[in-house]
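Let's take a walk through this one, starting with a couple of aromatic residues and working outward from there. Have the model open and follow along.

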Amino acid sequence: MPIIENGKSNWSIYVPKNSIAADKTAAKELQTHLQKITGTKLDVVTEKSVGNKPAFYIGNTKLFNKHFAVSFFLCTFAPLNCSLKSEH
């Protein structure tokens with residue numbers, strides 16, 4: 001499943017509802033670098049607005065804690081089989 005293809009994406013970057021500064025910085029950095037690579041800017045949204053869209057999860061999100069027993073900060077991909085593809 002491509003993350004970005006031909007300048008379009010249905011992916012978002014999710015941060016916890018009560019995210020710390022490091023979460024926000026990491027999300028912004030990911031957003032910025034993906035935009036530099038592909039020309040497409042992904043939305044950064046709080047976890048409370050999570051829908052059925054695929055996403056990068058930054059920080060100590062509820063979804064991360066649901067699927068992994070350890071509690072530490074990590075950027076995860078959902079789903080894990082993903083790629084970047086761009087004509088940019």
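Tryptophan 11 and phenylalanine 56 are both buried. Keep in mind that we're looking at a predicted model. The rings of these two residues form an aromatic pair, with 5.3 Å from centre to centre and 50 degrees between the planes. That angle makes the pair tilted, because stacked would need planes under 30 degrees apart and edge-to-face over 60. Now look at where the partners sit: tryptophan 11 is in the loop between strand S1 (2–4) and strand S2 (12–15), while phenylalanine 56 belongs to strand S4 (residues 55–58), so the pair ties together parts that are 45 residues apart in sequence.

How many aromatic pairs does the structure hold? There are 2. In the other, the ring centres of tyrosine 14 and tyrosine 57 are 5.2 Å apart and the planes meet at 50 degrees, so this pair is tilted as well. Here too distant parts of the chain are linked, with tyrosine 14 in strand S2 and tyrosine 57 in strand S4, 43 residues apart. Both of these tyrosines are buried.

Stay with S4 for a moment. In a regular strand, side chains alternate between the two faces of the sheet. On S4 both faces are covered: Ala55 and Tyr57 are buried on one side, Phe56 and Ile58 on the other. S4 also runs parallel to S2, and 3 bridges join the two strands. If you want a place to check the register, serine 12 stands opposite alanine 55.

Next, the nonpolar interior. In soluble globular proteins, nonpolar side chains tend to be buried together. The largest nonpolar core in this model has 10 residues, and Trp11 and Phe56 are among them, along with Ile3, Ile4, Ile13, Val15, Ala27, Leu34, Leu42 and Ile58. Two or more residues of this core come from each of S1, S2, helix H1 (21–38) and S4.

Pick out valine 15 from that core and look around it. Setting aside neighbours within four places in sequence, valine 15 is in contact with Asp23, Ala27, Val44, Val45, Thr46, Glu47, Ile58 and Thr61. The last of these, threonine 61, is found in the loop between S4 and helix H2 (62–67). Is threonine 61 buried or exposed? Its relative accessible area is 0%, so threonine 61 counts as buried. With the same sequence neighbours left aside, threonine 61 is in contact with Val15, Pro16 and Glu47.

Notes
Residues numbered from 1 in each chain as written. Predicted model: local features only at pLDDT ≥ 70, side-chain atom pairs only at ≥ 80, totals over all residues. Heavy atoms only, no water. Phe/Tyr/Trp six-rings, centres within 6.5 Å; stacked < 30°, edge-to-face > 60°. Helix = DSSP H or I, 4+ residues; strand = E, 2+ residues; numbered from the N terminus. Buried < 20%, exposed > 50% of the residue type's maximum accessible area, 1.4 Å probe, protein only. Pairing = 2+ DSSP bridges. Core = buried A, V, L, I, M, F, W, Y, C linked by side-chain atoms within 4.5 Å. Contact = heavy atoms within 4.5 Å.
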